Amino acid sequence: KLSDPTGKDLLGEELALAVVSRLLEPSGGVVLQVCRGLWMWTLLKEQQSQMARQRMDESIMEEYRQLQARLDERLSVAGPAEAAVRTMNEQELQAFETKAQEERRELWNTLAWEARQ
């Protein structure tokens, strides 16, 4: 499957640039520079997207560690109400996981929309 009409995915960047240059011999230099610029823009957007996803994952993991510590503290002082506290902890953990999935989905949608613009 080609995601780039110049054939970069199939031929590699250098060979694809050479083919495009040959096909557009009279004005090949300008078109070639535009292609390189678009490829560079795509690379920058991919890096930006990767960094945003990584920051979100780190943030979610930090929130998870804090939540887990709080739940463990709550359980350690539960005493006779341990079963009820476990149930409450499980519900809070499930709510956190649902929220994290929603945030990831929202980030992916935002990144996809920005890439299309």
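This is a short walk through one helix, the core it helps build and the pocket beside it, in a predicted model.

**Stop 1: helix H4.** Select residues 82–116, which make up helix H4. The helix has 35 residues and runs 51 Å from its first C-alpha to its last, close to the 51 Å expected at 1.5 Å a residue. Now colour Val85, Asn89, Phe96, Ala100, Leu107 and Leu111: these H4 residues are buried.

**Stop 2: the core.** Which residues form the largest nonpolar core? Show Ala52, Met56, Ile60, Leu67 and Leu71, then add Phe96, Ala100, Leu107 and Leu111, and you have the nine residues of that core. H3 and H4 each supply at least two of them, and H3 gives the most, with five.

Zoom in on Phe96 while you're here. Leaving out residues up to four places away in sequence, Phe96 touches Ile60, Glu63, Tyr64 and Leu67. Ile60 and Leu67 are core members too.

**Stop 3: Arg104.** Stay on helix H4 and pick Arg104. Is this residue buried or partly exposed? Its relative accessible area is 32%, and since buried means under 20% and exposed over 50%, Arg104 counts as partly exposed. Set aside its neighbours within four places in sequence, and Arg104 is in contact with Met56, Asp57 and Ile60. Try a distance label as well: the C-alpha atoms of Arg104 and Arg53 are separated by 8.0 Å, though the two arginines sit 51 residues apart along the chain.

**Stop 4: Trp108.** Next up, also on H4, is Trp108. This tryptophan is partly exposed, with a relative accessible area of 48%. Draw a line from its C-alpha to that of Ala52 and you should read 9.6 Å, for a pair that is 56 residues apart along the chain. Ala52 is one of the core residues from Stop 2, while Trp108 leads on to the last stop as part of the pocket lining.

**Stop 5: the pocket.** What lines the largest pocket? Select Trp41, Thr42, Lys45, Glu46, Gln48 and Ser49, then Trp108, Leu111, Ala112, Glu114 and Ala115. The elements giving two or more residues to this lining are helix H3 (28–76) and helix H4 (82–116). H3 gives the most, with six residues. Colour the lining by character and you get five nonpolar, three polar and three charged residues. The space they surround has a volume of about 230 Å³.

Before you close the viewer, click on Leu111 once more: this residue belongs to the largest nonpolar core and also lines the largest pocket.

Definitions and conventions
Residues are numbered from 1 along each chain as its sequence is written. This is a predicted model: local features need pLDDT of at least 70, side-chain atom pairs count only at pLDDT 80 or more; totals for chains, interfaces and linings use all residues. Side-chain values use heavy atoms; hydrogens and water are left out. On a 1 Å grid over the protein atoms alone, a cavity is a set of points where a 1.4 Å probe fits but cannot get out, and a pocket is an open set with protein on both sides within 12 Å along at least five of seven lines; lining residues have an atom within 4 Å of a point. Grid points are joined across faces, edges and corners, and a volume is the space filled by probe spheres set on the points. Helices (H or I, at least four residues) and strands (E, at least two) are DSSP runs, numbered from the N terminus. Ala, Val, Leu, Ile, Met, Phe, Trp, Tyr, Cys and Pro count as nonpolar, Asp, Glu, Lys and Arg as charged, and the others, Gly among them, as polar. The expected span of a helix is 1.5 Å times one less than its number of residues. Buried means under 20% relative accessible area, exposed over 50%, partly exposed in between (1.4 Å probe, protein chains only). A nonpolar core is a set of buried Ala, Val, Leu, Ile, Met, Phe, Trp, Tyr and Cys residues joined through side-chain atoms within 4.5 Å. Contact means heavy atoms within 4.5 Å.
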